[in-house]
Amino acid sequence: MASSKSVPSKSSDLSCNFPRDDSHAATLLPWDRFSSWIHCICIVTFDLELGQAMEVVYPGHVKLSEQEKTNICYLAFPDSNSGCMGDTQFHMRIRQAPGRHPLRQEHRAYNQKCPAYLQIQPGYFYGYVYFRQVKDKTIPRGYFQKSVVIISRLPFVSLFTKVSLLISPEYFNHGEASIEVACSEIDRWPSPIPGETVSLPLLGMIIQTHIPSNNSKTNGHSPTALTPTTEDVGINSSSPLPGPFPVEGPASSMSVTVLPTPHEVNLFNCFSGVVSHIHLLWELVLTAEPLVVMASLPTTCSDMVQALVSIITPLMYCADFRPYFTIHDSEFKEYTTRAHAPPPVILGVTNPFFAKTLHHWPHIIRICDSPKMNSIAAHKQKLKKGTNIKMLDSKPGVYTQYQPFLQKDKAILKKLMKGMENKRPDEVQSALLRRHLLELTQSFMIPLERYMASLMPLHKNISPYKAPPSIRPFNPDDFFATLSTAGPQLTSGIKGDWAGLYKRFFRSPNFSGWFNARYREVTQKLQSLQLEALSDADLKMWVRGKQEVEVVDMVLRIRQRLQAPPDSEPILADTTRERLEMRLSDLVTSLPEDLRSVLKAS
């Protein structure tokens, strides 16, 4: 489907002159680097007969299922009720078609090193949309309507919002050739490696950002080394200023935009209208309660949904969430049926129809699209009990019958309100709020982490000659017994029914996701310790008096581990691998010649 149109000369020079990192070029195929960042770029247009239709997909070899195409097309345009004129940016999240291939090797490597909440989820795509609607008398409907949609597995909202902001206007001004140039440049980017600061050249600009890792002291939040050059990376951003990192070579004349992180949205801007209820919202997200966000614009609701799932960082939100959801979504019936209780999902919607369709949902947030209105609302907000349809049609607020387990932290609320009165910058307000929520989540999770660690078997019980021991089962009663002496009160001054909140949390997919991840990590740790013990063992002494079948079994076990793919869990340290090879040699040498020949042949 790729176009054969000529490429604008400025962009062509840019793509040819920027130096490419060829350190792994021998093992890379065309589009490998591109695919580690982006799955494809779709152009969605409005067809008078078909409605929203997929016009083209880049690169041309990428395949999307019919269901994926349908979802992308319907979600690529704001609801007709939104009235979005001009340019609009927002993002979505859709299910992938069943039967897709497993994650690419570089994505598996990324997942091993990144924080849990930034991991790639195999069953989902993110879509980063740039929609343009302008009057055009030459078109029968009187309007030009088209969207550029970047489809990626990575949850890098701020990065791809910026990428879309660079690519899409070029496409609307110069056509398909500019998309080809952009794709070619993205195919020169380094892989997204957690812990690395990357410089990404694109259409005359360099985007610099730091990809968080498991070991980040900042817990994935904005490193102090990266100072943003713009307060907002959306359509209304001011022009970027030069960043703090020197860029050498032909690209040194390009302007540089710095994004503190690739994933964060403007947290305080999202919550400014409901900031007095932030602790209640934190509990709802922590326990994965069904929640719907209603706004007039897709930008507002998609950012709000993304902000909500981030407020329990560093815990991963394990339920489903849809930053932008419409009546045409393939899961519409599944999520709106009254045949059963609403599922644990956060939906962002703009169509007023949802005020009636979802009025039975237990928790609804209605927000303004104007920051000024949100600022006014923040001082007047009171919790609205129930879900009155007439009120939902107009008045912003949080509609719920939920009774919070914890009291509000009035000190942080007072500080944020004062900041609003003094017109403190959003980035400072966001940093204050994000730090408070991070500490609150850590206070909640530390007792669980401590109890989980107590279930580990003692190191002395790990034998090099036996399978690794299992961890003891998680017992809620035993955990609750630890709260009086080692509960959240040690790190948080917030009062309330912490035990009640834990009980509700235990019934949520967030607990299941956290526990399963920790169980996997602990199991892999025990396997690593057992392999290290085996690599240090004196197997020459061990084989004495052993039956040949036992020795052969040990040989096969060690060989199987050494022949496993390098990225298979648990990952072996080079020194452990070398010592295991020596132990394997010791074992094989101790066997009779005929058995050695059989093992060699196998």
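**Helix packing and local geometry in a predicted model**

The buried residues of helix 3 pack against five strands: strand 1 (40-47), strand 2 (51-58), strand 3 (86-95), strand 4 (124-135) and strand 5 (143-152). Helix 3 spans residues 66-75, and its buried residues are Glu68, Asn71, Ile72, Cys73 and Leu75. Two of these, Asn71 and Leu75, recur in the surroundings of Asp329. Asp329 is in the loop between strand 10 (320-322) and helix 10 (332-336). Beyond its neighbours within four places in sequence, Asp329 contacts Asn71, Leu75 and Arg322. The relative accessible area of Asp329 is 5%, so the residue is buried.

The model is predicted. The protein has 602 residues, of which 51% count as buried. Its secondary structure comprises 22 helices and 13 strands. Among contacts with a separation of 6 or more, 73% join residues 24 or more positions apart.

Confidence varies along the chain. Mean pLDDT is 84, and 84% of the residues reach 70 or more. Over residues 1-26, pLDDT stays under 50. The model has 38 contacts beyond four places in sequence for that stretch. Residues 389-393 also stay under 50, with 12 contacts beyond four places in sequence. Where pLDDT is low, the predicted coordinates should not be read in detail.

Two helix pairs were examined. The first pair is helix 8 (residues 278-286) and helix 15 (residues 426-454). Their axes come within 12 Å and cross at roughly 50°. An angle of this size lies outside the ranges for roughly parallel and roughly perpendicular axes, under 35 degrees and 65 to 115 degrees. Helix 8 and helix 15 are therefore oblique to each other. Their crossing is right-handed. Helix 8 contributes Ile278, His279, Trp282 and Leu286 to the contact. Helix 15 contributes Leu433, His436, Leu437, Leu440, Thr441 and Phe444. By class, seven residues of this contact are nonpolar and three are polar, with no charged residues. An α-helix has 3.6 residues a turn, so residues three or four places apart point the same way.

The second pair is helix 20 (residues 548-562) and helix 21 (residues 574-589). Here the axes come within 10 Å and cross at roughly 150°. Angles over 145 degrees count as roughly antiparallel. Helix 20 and helix 21 are therefore roughly antiparallel to each other. The crossing of helix 20 with helix 21 is left-handed. On helix 20, the contact is made by Val551, Met554, Val555, Ile558, Arg559 and Leu562. On helix 21, the residues involved are Arg577, Leu580, Glu581, Leu584, Leu587 and Val588. This contact has nine nonpolar and three charged residues, and no polar ones.

Strand 6 and the loop that follows were examined next. Ser199 is found in strand 6 (residues 197-202). With a relative accessible area of 31%, Ser199 is partly exposed. Not counting residues up to four places away in sequence, Ser199 touches Pro190, Ile206, Ile207 and Gln208. Ser199 and His210 are 11 residues apart along the chain, and their C-alpha atoms are separated by 9.1 Å. Leu203 is found in the loop between strand 6 and strand 7 (205-210). Leu203 is not a glycine, yet its phi is positive, at about 45°. Its relative accessibility is 17%, so Leu203 counts as buried.

A positive phi also occurs at Lys423, a residue other than glycine, with a value near 55°. Lys423 is found in the loop between helix 14 (410-421) and helix 15. At 74% relative accessibility, Lys423 counts as exposed.

Cis peptide bonds complete the local geometry. One joins Tyr58 and Pro59, with omega about -10°. Pro59 is found in the loop between strand 2 and helix 3. Another cis bond runs from Thr313 to Pro314, with omega near 10°. Pro314 is in the loop between helix 9 (298-310) and strand 10.

Definitions and conventions:
Residues are numbered from 1 along each chain as its sequence is written. This is a predicted model: local features need pLDDT of at least 70, side-chain atom pairs count only at pLDDT 80 or more; totals for chains, interfaces and linings use all residues. Side-chain values use heavy atoms; hydrogens and water are left out. Axes are lines fitted to C-alpha atoms, for helices over the stretch in contact, and angles run from 0 to 180 degrees between N-to-C directions. Helices (H or I, at least four residues) and strands (E, at least two) are DSSP runs, numbered from the N terminus. A crossing is left-handed if the near helix is turned anticlockwise from the far one by less than a right angle, and right-handed if clockwise. Contact means heavy atoms within 4.5 Å. Ala, Val, Leu, Ile, Met, Phe, Trp, Tyr, Cys and Pro count as nonpolar, Asp, Glu, Lys and Arg as charged, and the others, Gly among them, as polar. pLDDT is the predictor's confidence in each residue, from 0 to 100. Buried means under 20% relative accessible area, exposed over 50%, partly exposed in between (1.4 Å probe, protein chains only).
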